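Open the model in your viewer and keep the selection panel at hand. This tour moves stop by stop, with something to select at each one.

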Amino acid sequence: MARLIVDTPGGTYPVHIGRGVLKELRRTMARLEPTGAVVIADASVRPIAHAVAKHLKAARVKNAIYVVPGGERSKSLAGLAALLAFLERQRIDRGGCIVAVGGGTVGDLAGMAASTWLRGIRYVEVPTTLLAMVDSSIGGKTGVNGVRMKNAIGTFWQPSAVISDLACLDTLPRNRYREAFAEVVKYAVAMDHGLFDVLLRESARLTAGDQDALEDVIESCATAKALVVARDERDRGPRAILNYGHTAGHALEAATGFRVSHGRAVAFGMRVAARIAAGLDLCSKRVVESQDELLASLGLPERAPHADPDRVIAAIAFDKKARRGKVAWVMPRRIGHAEIGHTVPGALVRRVVTRSLA
Ligand SMILES: NC(=O)c1ccc[n+]([C@@H]2O[C@H](COP(=O)([O-])OP(=O)(O)OC[C@H]3O[C@@H](n4cnc5c(N)ncnc54)[C@H](O)[C@@H]3O)[C@@H](O)[C@H]2O)c1
Ligand SMILES: [Zn+2]
């Protein structure tokens, strides 16, 4: 079992990681002493929601469960409105607490509700996907989707605790599990050489779901995320490192109408970014090869997704992180170290994207 601390201007909180750590909820509730709680749960993880409710009850916290249908569509203003109406019906007051049980979708929605209900109440994250454990549950970005734009509406609101119980992943579909490794590789290439070596060495155990190896990897990712968030809670500078692989990745998602999953898109985006970096002599070809090798060994093999290069290139120009039309790329310099804010000649982007899709 591991425990680390996230320390930001907006709040300091523990992250518990390990098989069986769900029981930490009791101690968390003893610390927070909420006047009441609502468990907001993804419909796919009802049994976990009931286990959570049991722990709350044992801690003498009155609670109700609110079930959200799985999937991005729940992460909307309409979904938020329905959820806020439930909090009102449950008479959740300023001393109340939300417990989010699900992946990034439910976490983002529940966090948004927590940040706006009565101008902000506390919330605890119980992530049930690998992506949520390594990424979205930590750092306090909350939000819902706009009409067309993902995550268009949101707040920064830190949770009071994150409880990552590996047992919650037992029912996660294999492809969801595997794809989350794209984000894991992101941390390794952009920030953590040691993690990169561990991933290469342990790839077989990790893809088989070995719990000890997995716990170590989640801890490394959570530590990396905590470090970045502590430095730049509001995403005004260094937090952009977490965007590694996401410039071309988001563009691929948009260009294919989100038919390519986020994990596959990020894997594609990292391949593109590393090739561009090598093309600019920012890193050696060895970086491209090592990253390719690691992605393949984790079940994210190089298979060109079906997409129109022109569309992908056009979508890159609309990157949400672009300022005055200039797209800021995160470029690897070596394994374990990337730099933010690089501009890249359009011709090079075109060449690499076109080749990567062929
Ligand atoms: N806030 C942040 O910093 C941040 C960072 C990265 C991503 N995100 C957001 O996270 C979302 C994606 O998160 P996700 O990948 O966790 O997807 P998700 O929450 O949509 O969950 C994926 C699917 O798995 C199901 N599911 C969840 N847990 C399960 C379990 N244990 N067993 C079986 N099925 C389960 C869900 O019902 C859903 O259908 C996106 O909306 C993205 O914008 C936010
Ligand atoms: Zn991502």
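How are α10 and α13 oriented to each other? Keep that in mind while making the first selection. Note that this is a predicted model.

**Stop 1: α10 and α13**

Select residues 246-255 for helix α10 and residues 309-317 for helix α13. Draw both axes. They come within 8 Å and cross at roughly 120°. An angle over 145 would count as roughly antiparallel, and 65 to 115 as roughly perpendicular. Therefore α10 and α13 are oblique to each other. The crossing of α10 past α13 is right-handed.

Now show side chains. On α10, pick Thr 247, Ala 248, Ala 251, Leu 252, Ala 254 and Ala 255. They meet Arg 311, Val 312, Ala 315 and Ile 316 of α13. Color this contact by residue class: 8 are nonpolar, 1 is polar and 1 is charged.

**Stop 2: α8 and α9**

Move to residues 193-207, helix α8, and add residues 211-231, helix α9. Their axes lie 10 Å apart, and the packing angle is about 150°. So α8 runs roughly antiparallel to α9. Here α8 passes α9 in a left-handed crossing.

For the α8 side of the contact, select Leu 195, Val 198, Leu 199, Arg 205 and Leu 206. For the α9 side, take Asp 212, Ala 213, Leu 214, Val 217, Ser 220 and Cys 221. By class, the contact of α8 with α9 holds 8 nonpolar residues, 1 polar and 2 charged.

**Stop 3: α8 and α12**

Keep α8 on screen. Swap the partner for helix α12, residues 285-297. What angle do α8 and α12 make, and how far apart are their axes? The angle is about 20°, and the axes are 9 Å apart. That makes α8 roughly parallel to α12. The crossing of α8 past α12 is left-handed.

Light up Phe 196, Leu 199, Leu 200, Ser 203 and Thr 207 on α8. Opposite them, α12 contributes Ser 290, Gln 291, Glu 293, Leu 294 and Ser 297. The contact of α8 with α12 divides into 4 nonpolar, 5 polar and 1 charged.

**Stop 4: ligand 1**

Center on ligand 1 and show its surroundings. Which of the 24 residues around ligand 1 come nearest? They are Asp 42, Glu 72, Thr 105, Thr 129 and Thr 171.

Three distances are worth drawing here:

- Asp 108: an N or O atom in its side chain is 2.9 Å from a nitrogen atom of ligand 1.
- Lys 150: a side-chain N or O atom is 3.3 Å from an oxygen atom of ligand 1.
- Leu 172: turn on the backbone, where an N or O atom lies 3.4 Å from a nitrogen atom of ligand 1.

Note on methods. Residues numbered from 1 in each chain as written. Chains lettered and ligands numbered in written order. Predicted model: local features only at pLDDT ≥ 70, side-chain atom pairs only at ≥ 80, totals over all residues. Heavy atoms only, no water. Axes fitted to C-alpha atoms, helices over the stretch in contact; angles between N-to-C directions. Helix = DSSP H or I, 4+ residues; strand = E, 2+ residues; numbered from the N terminus. Parallel < 35°, antiparallel > 145°, perpendicular 65-115°, else oblique. Left-handed = near helix turned anticlockwise from the far one by under 90°. Contact = heavy atoms within 4.5 Å. Nonpolar A, V, L, I, M, F, W, Y, C, P; charged D, E, K, R; others polar. Near = heavy atom within 4 Å. Polar contact = N/O pair within 3.5 Å; in protein donor to acceptor, adjacent residues only side chain to side chain.
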